[in-house]
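Thanks for coming. I will take one strand and its partners, then the whole chain, then a few backbone details.

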Amino acid sequence: MAVAETQHVDEPAASEQSRSSPRSARISRGVFAGGIVITVALFAFGGWQRRWIADDGLIVLRTVRNLLAGNGPVFNPGERVETNTSTAWTYVVWFFSWVTQARLEYVVLGIALTLSLLALLFAMLGTGKLWGPASSSLLIPAGALAYIAVPPARDYVTSGLENCLVICWIALLWLLLIRWSKAVRPGVAGILVLAFLAGLAPLIRPEMAVVGGLALLLIFFAPMPESRLRPWLLRMLLVGVAGVVPLCYQVWRMGYYGLPYPNTAVAKDAGGAKWGQGLTYLWDLAGPYYLYVPLAVLLVAGLVAARTYRARPADGPDQDNDDHPAAGRVRRFRVWLRSPSAVVTLVLAAAAILTVYALRVGGDFMHGRMLLPQLFLFLLPVAVIPLRLPEQGLRSLSRREAPAFGILVLALAGTLAWALLASGTTAIKTGTTINKSGIVDERIYYVLNTGHDHPIRAEDYLDYARMRPMVEGIENTPDGGLLLNSPSFMFWYIAPPPIPIPPEGAGHTVYFLNLGMTSMNVPLDVRVIDPMGLAFPLAAHTERLTDGRIGHDKSLYPDWVIVETGMVDRKPWLPWYMDEDWVAQAHVAMSCPDTQALMLSYKGPLTFDRFKHNLRHAFDFASYRLDRVPKYEIQRCGLVDPLPQPR
């Protein structure tokens, strides 16, 4: 969708507009402000009705607890593992937790709600700026209303996950880009702020580098404003400002964690392809809500509005004062880059690229969550739609304006009707049952499984299956041990530590899939790891299961954990379902030199030499994979099997 750069108004019409503009401008501003207030209030109400913190949201709080305790940005003290995908979200929550000293769950609830509402506010302000100061046009919330009508959008207003930060960052970037594209003479300071914000993209979420990268390319190649600095020097400064924080963090991440990206990307194999599952995930969101209907309607409305109500630029972009200015088409293209049309093209292109990426990796197991930023991006240019009311009634509309007016009214009415229908739609009706797609309504799943309408505090999750017995099992075994879940919801197998046991005990390790609820209901000195590998690199570096549930398609056998934790590896202390031979093979498999090097990268003392070694080998560690079956891992690594082999 393009927004034209010129406006043609004949003299009589301009005169009439001039006489009516003060009253029309007041009405337009009032409608715009009222639309923002109502839409944001509806979003706040809908989000608060569905307030909760997901199990994955509690994972972030475990890292924050360790930061506050002085253990560093880790999930388990002594193990440098980055278990949170959004670096920025971790430190935002940490900062406000440190400032307020309030309970972590309530801190994250307040931050998430605030950022979600700010996202909607910034989005509508940016789109209002996009359509320009058309004094007689009413700016009606359309795309914004469509977004908040989708139930998953309201589910993740809170949740403790980084969705709120992602859409708030996108909306603020959108607002600043539109202001930059329409400014008469953008200041150097404003451009640098914009570049800094865009540069934060990979720290917001790694895939947001698509949005930030496109924004930086747009700013870099557009004409530079007049300043004391030469254009090439200003561009170099822009690159430096955009890259200083993410580059410094990247160097630190590779040296500290031994990986070039969060461990979650390794655990979920973010570079793998599952197109079929991705299409299933897309339809799981688009199908039940008929989401394609408002997208198509608003696309038509946006095109009609752009053609009919052309936005007037201030004076056009500044000319680049380069010593060797480009000529012809290249010159015109560069000038176009600093225009509202270019910004709209950017967000739509970013939305399309991110959608394709989400389809490629198979989406997610949480209904709608991984497609919400894309939906938000698609709806940004039509967050509000201009509707110009005729001064002397409908009959005064010109032949050009009458059809456009009718189309826009129908589009707005249709969007409102769809929003009322979609907002009350229940897409997934299986409750606590996970169907073959592996996708669940995460909020409803935990509401039903905990018995709490709003599971927010860590202790709310004690009513989830196995949680209270886990706490009791730790309390009843002061010597320590490894807790492995059993088929029974009321009992855990506890593998004991070997004798002699230290006076203070050998410590506890919990091996369970749900990291958040387990880790937030035990002290920090209780180690919590998972078979999928979010907090356990050995599991993260196994191969992806071909037919595994999306987002959970890795599972390391507990035999490895018996060996890794050093617990007793003989019957009758082993759980009944475990095999001593497999454990013996796991002992040998874990001695593989490459596996030992991987373990040292996150467990070894962080000396300067270790930091340099991790920095040099971070990509090697990221690509390393082991076989979860001990026997096959022995063969892969070229080790000697401890068991006699059949001839």
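I start with strand β3, residues 481–485, which is mostly covered, with 4 of its 5 residues buried. Buried here means under 20% relative accessible area, exposed means over 50%, and partly exposed is in between, with a 1.4 Å probe and protein chains only. Helices (H or I, at least four residues) and strands (E, at least two) are DSSP runs, numbered from the N terminus.

Before going on, the provenance. This is a predicted model, in which local features need pLDDT of at least 70 and side-chain atom pairs count only at pLDDT 80 or more, while totals for chains, interfaces and linings use all residues. Residues are numbered from 1 along each chain as its sequence is written, and side-chain values use heavy atoms, with hydrogens and water left out.

Back to the strand. Two strands pair if DSSP finds at least two bridges between them. Which strands does β3 pair with in the parallel and in the antiparallel sense? The parallel partner is β5, residues 508–511, over 4 bridges. Within that pairing, G481 stands opposite H508 of β5. The antiparallel partner is β4, residues 492–495, also over 4 bridges. There, L484 has Y493 as its bridge partner. β3 and β4 together form a hairpin, and 6 residues lie between them. As background, side chains in a regular strand alternate between the two faces of the sheet.

Now the loops around these strands. T477 sits in the loop between α20, residues 467–475, and β3. Is T477 buried or exposed? T477 counts as buried because its relative accessibility is 19%. Contact means heavy atoms within 4.5 Å. Setting aside residues up to four places away in sequence, T477 touches I494 and H508. I494 falls within the residue range of β4, and H508 belongs to β5.

G507 is in the loop between β4 and β5. At 29% relative accessibility, G507 counts as partly exposed. Leaving out neighbours within four places in sequence, G507 is in contact with D479, G480, G481 and M567. G481 in that list is the residue that stands opposite H508. From G507 to L484 the separation is 23 residues in sequence and 14 Å in space, C-alpha to C-alpha.

That same loop, between β4 and β5, also holds P500. The peptide bond joining I499 and P500 is cis, with omega about 0°. A second cis peptide bond joins K571 and P572, with omega about 5°. P572 is in the loop between α23, residues 558–565, and α24, residues 580–589.

Next, phi. Most residues other than glycine have a negative phi, and most peptide bonds are trans. Q101 is not a glycine, yet has a positive phi of about 55°. Q101 lies in the loop between α3, residues 87–100, and α4, residues 104–131. Q101 is exposed, with a relative accessible area of 60%. R466 also has a positive phi, near 80°. R466 lies in the loop between α19, residues 442–450, and α20. R466 counts as buried, at 15% relative accessibility.

One helix deserves a mention. α17, residues 372–379, is mostly covered, with 7 of its 8 residues buried. Among the buried ones are L372, P373, F376 and L379.

Finally, the whole chain. How many helices and strands does the protein chain have? The count is 27 helices and 6 strands. The radius of gyration is 28 Å, close to the 26 Å that the globule rule gives for 647 residues, so the chain is as compact as a globular protein of that length. That radius is taken over C-alpha atoms, and the rule is 2.2 Å times the number of residues to the power 0.38. The C-alpha atoms fill a box of roughly 95 × 60 × 55 Å along the principal axes. Buried residues make up 55% of the 647 residues. Of the contacts between residues at least 6 apart in sequence, 75% join residues at least 24 apart.

On charge, the protein chain has 57 positive and 50 negative side chains, and the centres of the two sets lie 11 Å apart. Lys and Arg count as positive, Asp and Glu as negative, and His and the chain ends are not counted. Each charge is placed at NZ of Lys, CZ of Arg, CG of Asp or CD of Glu.
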